[in-house]
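Please open the model in your viewer, switch to a cartoon display, and keep the sequence panel at hand. The tour goes from one selection to the next and says what is to be found at each.

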Amino acid sequence: MIRVLLAEDMSMVRSALMALLAYEDDLEVVADVDRGDLVVPTALEVRPDVAVLDIDLPGLDGLRAAAELHEKLPECGTLVLTGLARPAYLRSALSAHVLGFLGKDAPAEELAAAIRKVAAGERAVDPELALAALGARENPLTPRELDTLRLAAEGDSVTEIAARLFISAGTARNHLAAAVSKTGGRSRVDAIRIAEEMGWLSTGPRLG
């Protein structure tokens, strides 16, 4: 029996996944959580063979939860589910020692098969995502450029960005200008759109 921990913040989706996995004779959901910061404590308690994590969890996103889980409980394989098929997510998932990476729209039998592969220590990656990742652009932005662009995406002004990052307003403007240039955007708003579509704002270094 393969013991599974499920992390999904949307109650209906989590219930549906649990119901689908209940049909598999060799899979057992031993715990379910709705926050990323509950993944590791729960896993240390129930010792699952595989953790199935939504990529977008409150408290701690799925990729960071996966990295922490690999550090604290390396014998537990991780499989990440995403509703947004962004190549940058796959690269970040592999860096976080994730073995499985599937879209949320994958058929139930594909999810079950992926869990079995991850439990056996094998990779289970959506082939279309893998091909897209091979041809995707590398993130050209520096950590500081990512930080300024994230804050701009949240609606902060240049002055507010400078205050939050402890830099001058001129430096903040320079970082934003560089981000616009490197993404190939026509404006700051366009740069934010491009970075979001590529998954760079979600997977790059964080503030701090």
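**Strand β5 and its partners**

Begin by selecting strand β5, residues 100-103, with side chains shown: Gly100 and Leu102 point one way from the strand, Phe101 and Gly103 point the other way, and all of them are buried. Please keep in mind throughout that this is a predicted model.

Now add strand β4, which pairs with β5 in the parallel sense over four bridges; within this pairing, Thr82 stands opposite Gly103 of β5. Then add β6, which runs parallel to β5 and is joined to it by two bridges, with Val125 in β6 as the bridge partner of Phe101. If you also display helix α5, residues 108-119, you can follow the chain through β5, α5 and β6, which together make a left-handed β-α-β unit.

**The whole sheet**

Select the remaining strands to see an open sheet of six, paired in parallel and ordered β2-β1-β3-β4-β5-β6. Strands β2 (27-33) and β6 (124-125) stand at the edges and have a single partner strand each, so one side of each is left without a neighbour in the sheet. Helix α1, residues 11-22, packs on this sheet, where it touches β1 (2-7), β2 and β4, and its direction makes about 165° with that of β2.

Moving to strand β3 (residues 50-54), you will find that five bridges join it to β4 (residues 77-82), the two running parallel, and that Leu53 stands opposite Val80 in β4. Helix α3, residues 62-72, lies across β3 and β4 and runs at about 160° to β3.

**A residue in β4**

Is Thr78 buried or exposed? Select this residue, which is found in strand β4: Thr78 is buried, with a relative accessible area of 3%. Leaving aside neighbours within four places in sequence, its contacts include Ala51, Leu53, Ala66 and Leu69, together with His97, Val98, Leu99, Gly100 and Val118.

**The nonpolar core**

Next, colour Leu5, Ala7, Val39, Leu53, Leu69 and Phe101, which touch the most other members of the largest nonpolar core, a set of 26 residues. At least two residues of this core are supplied by each of β1, β2, α2 (39-46), β3, α3 and α4 (87-95). Centre the view on Val39, which, when residues up to four places away in sequence are not counted, touches Leu5, Ala7, Val33, Leu53, Ala65 and Leu69. In soluble globular proteins, nonpolar side chains tend to be buried together.

**Helices α7, α8 and α9**

Further along the chain, select helix α7, residues 143-153, where eight of the eleven residues are buried, so the helix is largely enclosed by the rest of the structure. The buried residues are Glu145, Leu146, Asp147, Thr148, Leu149, Arg150, Leu151 and Ala152. Just after α7, look at Gly155, which takes a positive phi of about 100°.

Finally, show helices α8 (residues 158-165) and α9 (residues 169-183), whose axes come within 8 Å and cross at roughly 105°. That crossing angle makes α8 roughly perpendicular to α9. Which residues meet where these helices touch? From α8 there are Val158, Ile161 and Ala162, and from α9 there are Ala169, Ala172, Arg173 and Leu176.

How values were computed:
Residues are numbered from 1 along each chain as its sequence is written. This is a predicted model: local features need pLDDT of at least 70, side-chain atom pairs count only at pLDDT 80 or more; totals for chains, interfaces and linings use all residues. Side-chain values use heavy atoms; hydrogens and water are left out. Two strands pair if DSSP finds at least two bridges between them. Contact means heavy atoms within 4.5 Å. Axes are lines fitted to C-alpha atoms, for helices over the stretch in contact, and angles run from 0 to 180 degrees between N-to-C directions. Buried means under 20% relative accessible area, exposed over 50%, partly exposed in between (1.4 Å probe, protein chains only). A crossover is right-handed if, with the strands pointing away from the viewer, the path from the first strand over the helix to the second runs clockwise. A nonpolar core is a set of buried Ala, Val, Leu, Ile, Met, Phe, Trp, Tyr and Cys residues joined through side-chain atoms within 4.5 Å. Angles under 35 degrees count as roughly parallel, over 145 as roughly antiparallel, 65 to 115 as roughly perpendicular and the rest as oblique.
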